[in-house]
Structures are given as structure tokens and as C-alpha cells.
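Please explain this structure to someone who has not seen it before, taking the enclosed space and the cysteines in turn.

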Amino acid sequence: MKEKIIKKATEMFLKLGFKSVTMDDIACEMCISKKTIYKYFSNKEKLIEEGTEVVHQKIHSLMDEVVAQNHNAIAENFEIRKMFKEMFQSFDHSPAYQLKKHYPEIYEKMMANEIQDCSQLFTQNIEKGIAEGLYRPEVDIAVAVQFYYTLIFSINENTLYEKEASELEAKALEYHTRAIATPAGLEELERQLTLHT
């Protein structure tokens with residue numbers, strides 16, 4: 001039952017907004033009593049916290065699936081972007097923006113986890129790209145990673161509409177790739193841009 005409540009509540013939070021969905025709304029949508037929800041979650045914040053953790057796990061298992069498909073480093077980044085776009089395209093408002101605005105403590109905790117996971121993923125991607133000859137070998141990996149995730153997170157937490165955030169993320173990916181690519185990497189980037197537009 002706990003998992004069902006998290007699943008339904010998270011769907012509603014993402015679609016309708018963290019602030020606007022009440023415990024009553026969730027109970028009504030699931031045809032259960034509010035008391036049943038409070039049996040598992042002491043308050044709405046706890047439910048949001050557990051829900052964001054479930055979304056975090058789902059995103060990372062999908063990212064792992066993309067990485068396991070063994071694309072080249074540049075194609076891999078575009079595939080991950082495509083996955084995010086498909087996952088969040090039905091939302092009008094950016095979930096990250098809403099969470100930061102209404103539940104900053106939960107947002108901060110989630111971002112600390114995301115930064116750690118993304119740093120690892122971006123580092124592996126750059127190392128892979130250097131090995132493939134698509135990224136320049138002299139790239140300062142730590143700095144490139146920090147620039148890229150700072151750009152991506154800043155877009156998500158400061159952009160109200162999901163569609164706008166998605167478009168800016170696409171530009172950030174192109175910008176990031178151009179900054180570290182070899183001539184062969186730039187050719188691959190142009191190919192990916194053609195495929196994904």
C-alpha cells in the first residue's frame with residue numbers, strides 16, 4: 001500500500017504541482033481515507049521526500065540502461081537527454097523549479113544526491129569520449145563536469161516551464177560538447193544534432 005501511495009502521489013505532484021496537491025486530493029484519487037495515508041506518512045513533506053527518492057532511483061536506472069547500450073560518448077549524452085525529454089514532456093511546470101520554490105529543504109537534499117551521481121556519470125562520459133577520440137585529451141575533466149552540471153541544474157531550478165527548460169538543456173549539451181570536442185567529436189555532434197531535431 002505504501003508503494004501505491006508513493007506512486008500515485010508522485011504522479012500527481014509532478015503533473016499538478018507539489019504545492020497544489022493536498023493529502024485529501026491523493027486520498028480521493030485513490031479512493032482511500034486520509035487516515036490510511038497518515039498511517040505511512042506523518043505529513044506531506046515525508047511523502048514528497050520519499051516520492052522524489054523513487055523518481056531519483058527511476059531516473060538513474062534509466063540512465064544506467066542508456067549507458068549499457070554502449071553508444072559513443074556524444075550519442076550517449078543525446079540518448080540520456082531524449083530519455084529526460086520523454087519522461088517530463090507531459091508536465092507544464094518544471095518539477096525542480098516547483099520543489100525548490102515550495103520545499104527547499106527537500107530540494108537541497110535531492111540536489112546533493114544528484115550532484116554526486118551526475119558528477120560520476122559525466123566524468124565517465126568524458127573519460128569514454130577521450131578514449132574514443134571524440135573529446136580532447138587535455139580537457140580538465142573535473143572542471144568540465146562542474147561547468148556542465150552547474151549549467152544543467154541552474155536551468156532546471158530557475159526555469160518555470162518544462163518545455164523551456166528542455167530547450168535550454170539541449171543548448172547546454174551542445175555548448176558543453178563543443179567546448180571539449182575534437183574535430184571528430186564535432187562531426188559526431190553535428191550528426192546527433194541532425195538526428196535529434
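What follows is a walk through a predicted model, beginning with its interior and ending with its cysteines.

When the whole structure is searched for enclosed spaces of 30 Å³ or more, one cavity is found, and the space inside this largest cavity comes to about 670 Å³. Its lining is made up of 34 residues, and those lying nearest the centre are Ile59, Phe84, Phe88, Glu114 and Asn156. Several helices take part in this lining, each giving two or more residues: H1 (2-16), H4 (44-68), H5 (73-88), H6 (95-102), H7 (104-131), H8 (141-158) and H9 (162-180). Among these contributors, H7 provides the largest share, with seven residues. As for the character of the lining, 21 of its residues are nonpolar, while eight are polar and five are charged.

The cysteines raise a separate matter, for which a general point is useful: a disulfide is a covalent bond that joins the sulfur atoms of two cysteines. How many disulfides does a search of the whole structure find? The search finds zero, and Cys28 is accordingly in no disulfide, its nearest cysteine sulfur being that of Cys31, 6.9 Å away. Seen from the other side, the sulfur of Cys31 has its closest cysteine sulfur in Cys28, and because the two are 6.9 Å apart they are too far from each other for a bond; a disulfide would require the sulfur atoms to be within 2.5 Å.

Are these two cysteines buried or exposed? Cys28 counts as exposed because its relative accessibility is 60%, and Cys31, at 71% relative accessibility, counts as exposed too.

Technical notes:
Residues are numbered from 1 along each chain as its sequence is written. This is a predicted model: local features need pLDDT of at least 70, side-chain atom pairs count only at pLDDT 80 or more; totals for chains, interfaces and linings use all residues. Side-chain values use heavy atoms; hydrogens and water are left out. Buried means under 20% relative accessible area, exposed over 50%, partly exposed in between (1.4 Å probe, protein chains only). On a 1 Å grid over the protein atoms alone, a cavity is a set of points where a 1.4 Å probe fits but cannot get out, and a pocket is an open set with protein on both sides within 12 Å along at least five of seven lines; lining residues have an atom within 4 Å of a point. Grid points are joined across faces, edges and corners, and a volume is the space filled by probe spheres set on the points. Helices (H or I, at least four residues) and strands (E, at least two) are DSSP runs, numbered from the N terminus. Ala, Val, Leu, Ile, Met, Phe, Trp, Tyr, Cys and Pro count as nonpolar, Asp, Glu, Lys and Arg as charged, and the others, Gly among them, as polar.
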